[in-house]
Amino acid sequence: MPSENLPNAVPHPTPGVERRSLLRLGALLAAGGAAALGPARIAYAATREQGTGTVISTYRGRAPQGNDQWAYVPFDVPAGVQRISVDASHDASAGILDLGMFGPSGFRGWSGGARTGFTLSAADATPGYVPGPVEPGRWSVILGPMVGSPDGMAWQVDITLYSGIPLPRTPYDILPAALSGRGPGWYRGDLHLHSVHSDGQRTVDEIVAAARREGLHFIATSDHNTSSTGVTWHGNIPTDLLVINAEEVTTRHGHWLAVGLPQGEWVDWRYGPTNSGVFESHVRRVHSLGGLAIAAHPLTPAAGSFWEFGLDRVDALEVWNGPWTLDDAANIAAWHVMLCLGKRVAAVGNSDAHSPADAVGRPHNVVNATSLSTPALLDALRQGRSYAVESTAVTVDFTARTGGAVAGPGEELPLSFFDTVDVTLNVTGAPDSIATLYTEWGIMAATCIDGSGSGRLRWRGWGKASLFVRAEVRRPKPASTTLDQLVALTNPVWFYAAQRPPYDVERRTLFHTERRPDGSWGSMRPLPGAGADDPSFAAVQCAAAGMTDGSVVVLGIAPDNGLWTTTVRGTATLRPWQRIAGPDGSAGFTVREADIAAFPDGTCQIVATAMDGTTLHQQRRADGGLPGFQAVPGFTANSRWGTTKVSIAAMPDGSAQLLGYGTDGAMYHCVRGRDGAWSTWDAWPATREPRPSPALPCRSPACPTAPPRCSRSASTGWSTTRSDAPTAPGAASRHRRASPPPRWGPAPSESRGRPMVPRTSSPSGSTGASGTTSGSRAAPGRRSDRSPARTAATPSPQARSASRPCPTAPRT
């Protein structure tokens, strides 16, 4: 994959106030928490045309002093616009101006204060922004001013709309959920990494290369407040390294990692601890998508970075972030207090690497997982079956034994009153260090490790005298802000069994009713649960199909994303809930979306989108039997079809019609014949490219119609990079992969729940089922990072203009 760096694609040095310096001026920004979510009014300056098909509008405003404030610059996009470019400027001596974009369908990108402009189109977008169709309608540039000056901060936004020839949309590749052939074992990985899609300076390819050099097995790309990283993989997904999609949700009251998100999924950041229940609703949403919530560098003493949502309201704490500092020591002290109170929150360590000078995987986590897969790793991390180390040179073997039972980090070893427990810690790769064992009573044992780097520490405890035991390895050598350096840290072995609360996910009760032949409706009632102790079935999505005999087959996606089915008629449940297995027969199979259609012969056909985006299909027999899912073929016989959403409808002749959103954002259609043969996938007519509008003038010697700033590379064909000249029609990053933007509104007050109304398919007008739920979404937040600001020199004008797009030239 060619470089993702663009002119203006790397963080810009701020002439007046450096980000970290401003963030640490807590006193100056103390008023920010009380600031309204919209600063001073916006003045619309002018609209002017510059060449055929190019319209530039200018907006100006002044933001008051404060930190927690947002402004929205709304503008209308007419039909025929193919690209939007935005340039922003502000009084840098007064503060920082964050920048982002919402479209009619929701989120379209965020760059925070790392850039002063961006561009997006169907074909490409500046890193941090989501490529996709430029829809006509109301758009908004979102501004996040962080102002230290009492006089406020002036800003200006220039918005350029380009009309012209429609640009092609390019799909992204689906990240695999697992690497084959990797069973139970200890796997090393870094969950906190930044690329050019936020304020990092590495491309994803460079991150992958650095992770390989460090010897990691998995990584998570977690750029600030954007989903763009996940939808730009194309031809460059590694086969020897598991990549987990993530986002660093950067609110102005603390940062948290949403790890394990489906590609294209975006988590809002515009809220604070005073917005009751909003943070919790986002965490539940992440859980429902199979993800993990981790508080990042929680005790960093900087405005916006210090964690204000409660240390026990996440799955894990990032107690070790990059090179060891006093902040990390405070994190571990706070985490230890939580353990003493019986709060089982796991600890992790990550590099938070931004620039090439930041070492990927230092520190990282070593995870005891059942396989090298995203679900297995996240489950192990949530339970604390892991330890953190400074590098791949360090290995820890930490166990506790009593009788014939043995437990490691994150596991339970329940003891009776008179039981003895033998704890052993074996360390390699840690020369000239000190190994220590801790319980809630403090240090229980310690030993020195010599220059060989290998050492062993043993300790015997008694009965229920302790709640847990954990281990640390430190090197007595000063670091930047401490007198020692952390080498390794384990999660605790627990000496008692705990009834852990249910995983906190979106919980919505699935209701059922029926519409009678005369058009009247029966009463709404909850469907019974899958277990004897479950009074009702909790679901995040459902679908239903009416059968010819009057019964209804219901699909329900449970909060853990498991796919279940039942059959009802009226108030009677004809078949109990049954969990549907995966293509390989696995009982823990999970899906993102599912739909069902009933056929005149008494069968049903089920389609589902797996968590990795693969579209699956199976035919439920008339007797209720499920033969198993098969992958739906793609454009070629041996390929798989990937969608973000899919639906199915039964036809009178026994064939099935399928519609699905592809990973390029377009809607596709195919037919499954009565004989089981699949047609090819074709773009749905409504989503095909519109009739080309008149071409924009171009001034390049390489362009068949005119001159400048268009260049062609023999190896890559026509390039598309951004330039400061507003007359350019195209411009952007590399070709970006299109994806339908998540359905989020542009304002913090908007809230949408996950769709729960099922589709009903009935060949004979039989009754259907409907579902309702109580779920919530929210909005409002912050950005910045714990580590010092990383900047790069602004590209020269020659570099900016070295590669310009030509709207009329053919692409290779």
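Among the contacts in the protein chain with a separation of 6 or more, 69% are accounted for by residues 24 or more positions apart. The model is a predicted one, and its protein chain has six helices and 44 strands. Of the 812 residues in the protein chain, 58% are buried, while the chain exposes about 30,200 Å², of which carbon and sulfur atoms supply 55%.

**The nonpolar core**

- In soluble globular proteins, nonpolar side chains tend to be buried together.
- The largest nonpolar core in this model has 42 residues, and the residues with the most contacts inside this core are W256, W269, F279, L317 and V319.
- At least two residues of this core come from each of the strands β6 (106-112), β13 (254-259), β14 (292-296), β15 (316-321) and β26 (485-490), and likewise from each of the helices α3 (278-288) and α4 (326-340).
- When its neighbours within four places in sequence are left aside, L317 is in contact with I294, A295, L311, W335, M338, V345, A346, A347 and V348.

**Helix α5 and its two ends**

- Helix α5 covers residues 374-383, and T374, A376, L377, L378, A380 and L381 are buried in this helix.
- At the start of α5, a side-chain oxygen of S373 reaches to within 3.3 Å of the backbone nitrogen of A376.
- The residue that follows α5 is G384, which has a positive phi, near 80°.

**Salt bridges**

- Side chains of opposite charge can pair when their charged atoms come close.
- The structure holds 20 salt bridges, and the pairs described below are among them.
- R83 forms a salt bridge with D124, in which the closest N and O atoms are 2.8 Å apart.
- This pair links distant parts of the chain, since R83 is in strand β4 (residues 81-90) and D124 is in the loop between β7 (117-121) and β8 (137-147), 41 residues apart; both R83 and D124 are buried.
- K645 forms a salt bridge with E593, with the closest N and O atoms 3.0 Å apart.
- This second pair also links distant parts of the chain, with K645 in strand β38 (residues 643-650) and E593 in strand β34 (residues 591-598), 52 residues apart.
- The two partners are covered to unlike degrees: K645 is partly exposed, with a relative accessible area of 38%, whereas E593 is buried, with a relative accessible area of 13%.

**A network of charged residues**

- The side chains of R470 and E472 meet in a salt bridge, at 2.7 Å from N to O.
- R470 counts as buried because its relative accessibility is 2%, where the cut-off for a buried residue is under 20% relative accessible area.
- E472 also counts as buried, because its relative accessibility is 2%.
- R470 and E472 belong to a network of salt bridges that links them with R474 and D484.

**A buried histidine in a loop**

- H354 has its place in the loop between β16 (346-350) and β17 (364-369).
- Although it is in a loop, H354 is buried, with a relative accessible area of 1%.
- A polar atom of the H354 side chain lies 2.9 Å from the backbone oxygen of D352.

Notes
Residues numbered from 1 in each chain as written. Predicted model: local features only at pLDDT ≥ 70, side-chain atom pairs only at ≥ 80, totals over all residues. Heavy atoms only, no water. Buried < 20%, exposed > 50% of the residue type's maximum accessible area, 1.4 Å probe, protein only. Helix = DSSP H or I, 4+ residues; strand = E, 2+ residues; numbered from the N terminus. Polar contact = N/O pair within 3.5 Å; in protein donor to acceptor, adjacent residues only side chain to side chain. Core = buried A, V, L, I, M, F, W, Y, C linked by side-chain atoms within 4.5 Å. Contact = heavy atoms within 4.5 Å. Salt bridge = Lys/Arg side-chain N within 4 Å of Asp/Glu carboxyl O. Areas by Shrake-Rupley, 256 points an atom, 1.4 Å probe, with all protein chains shown as cover.
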